[in-house]
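Thanks for coming. I have one structure to go through today, and I will keep to what can be computed from the atoms.

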Amino acid sequence: QVQLVETGGGLVQAGGSLRLSCAVSGGTFSDYAMGWFRQAPGKEREFVALISRSGGYTYYAASVKGRFTISRDNANDTAYLQMNTLKPEDTAVYLCAADQSSTVSAYPRAYDYWGQGTQVTVSS
C-alpha cells in the first residue's frame, strides 16, 4: 500500500523558514503528481502547492506564491515544500498528497493518497 510521511514541521518565528519533506513508499512515485495542503483547526483543508510528475509544472495558492517552493526528487521518492517568510497565518497541519491521474488538480478530492500531516506553527 502507498504510504506518505511528512516531516520537517515545527515552531518558528514570523519571517523564518521551514523545509517540509514527504517521503513516499509502496508505489511508483514518478507516476504521481504531488500536492501540499494545509488545515488549521476549525477550517477547511486548503490547497497550497502542486507539482507535476516530472516536476516541470508547479502551481501555488495566491497566499503562498513567492514565499513557498514545491519540488520533488524522483530518485529519492520525496517531495518538498520550502517555506520562507513565514507568517502566523501559515500556522496549520501541512499534508502531502499523491494523485495518480494524468491531470493535475488543486482540489483535495483529486488526490488518491494522503499523509498524516506535520504541524507548522508560526509565532508573532
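Strand β4, residues 33-39, pairs with strand β9, residues 92-99, through seven bridges, and the two run antiparallel. This is a predicted model, so please keep that in mind throughout. Within this pairing, Q39 sits opposite V93 in β9.

β4 has another partner. Five bridges connect β4 with strand β5, residues 46-51, again antiparallel. Here F37 is the residue that stands opposite F47 in β5. β4 and β5 make a hairpin, with six residues between them. In that turn, G42 has a positive phi of about 80°.

How many of the seven residues of β4 are buried? Six of them are, and the strand is mostly covered.

Now to the chain as a whole. There are eleven strands and zero helices. Reading from the N terminus, every entry in the element order is β. The protein chain has 124 residues, and for that number a compact globule would have a radius of gyration near 14 Å; the chain comes out at 13 Å, which agrees. Along the principal axes, the C-alpha atoms fill a box of roughly 40 × 30 × 25 Å.

Of the 124 residues, 41% count as buried. The accessible surface is about 6300 Å², and 46% of that belongs to carbon and sulfur atoms. On contacts: taking those between residues at least 6 apart in sequence, 57% join residues at least 24 apart. As for charge, there are 10 positive and 10 negative charges, and their mean positions lie 6 Å apart.

Next, two individual strand residues. The first one I picked is S21, which lies in strand β3, residues 18-25. Why does S21 count as buried? Its relative accessible area is 19%, and the cut-off for buried is under 20%, so S21 falls on the buried side. Leaving out residues up to four places away in sequence, S21 touches V5, E6, T7, W36, T78, A79 and Y80. One of those contacts, W36, takes us back to β4, which covers residues 33-39.

The other one is Y60, in strand β6, residues 58-60. Is Y60 buried or exposed? It counts as buried, at 16% relative accessibility. With the same exclusion of sequence neighbours up to four places away, Y60 touches F47, V48, A49, K65, F68, T69 and I70. F47 came up earlier, as the residue in β5 opposite F37. Y60 and G35 are 25 residues apart in sequence, and their C-alpha atoms are 9.7 Å apart in space.

Last, some backbone angles to check if you plan to use the model. Which residues other than glycine have a positive phi? Two to mention are D77 and T85. D77 has a phi of about 55° and is placed in the loop between β7, residues 68-73, and β8, residues 78-83. At a relative accessible area of 27%, D77 is partly exposed. T85 has a phi near 50° and lies in the loop between β8 and β9. T85 also counts as partly exposed, at 45% relative accessibility.

To go back to the start: β4 is joined to β9 by seven bridges and to β5 by five, and six of its seven residues are buried. That is what I have; questions are welcome.

Methods. Residues numbered from 1 in each chain as written. Predicted model: local features only at pLDDT ≥ 70, side-chain atom pairs only at ≥ 80, totals over all residues. Heavy atoms only, no water. Helix = DSSP H or I, 4+ residues; strand = E, 2+ residues; numbered from the N terminus. Rg over C-alpha atoms; globule rule 2.2 N^0.38 Å. Buried < 20%, exposed > 50% of the residue type's maximum accessible area, 1.4 Å probe, protein only. Contact = heavy atoms within 4.5 Å. Areas by Shrake-Rupley, 256 points an atom, 1.4 Å probe, with all protein chains shown as cover. Lys, Arg positive; Asp, Glu negative; His and termini not counted. Charge placed at Lys NZ, Arg CZ, Asp CG, Glu CD. Pairing = 2+ DSSP bridges.
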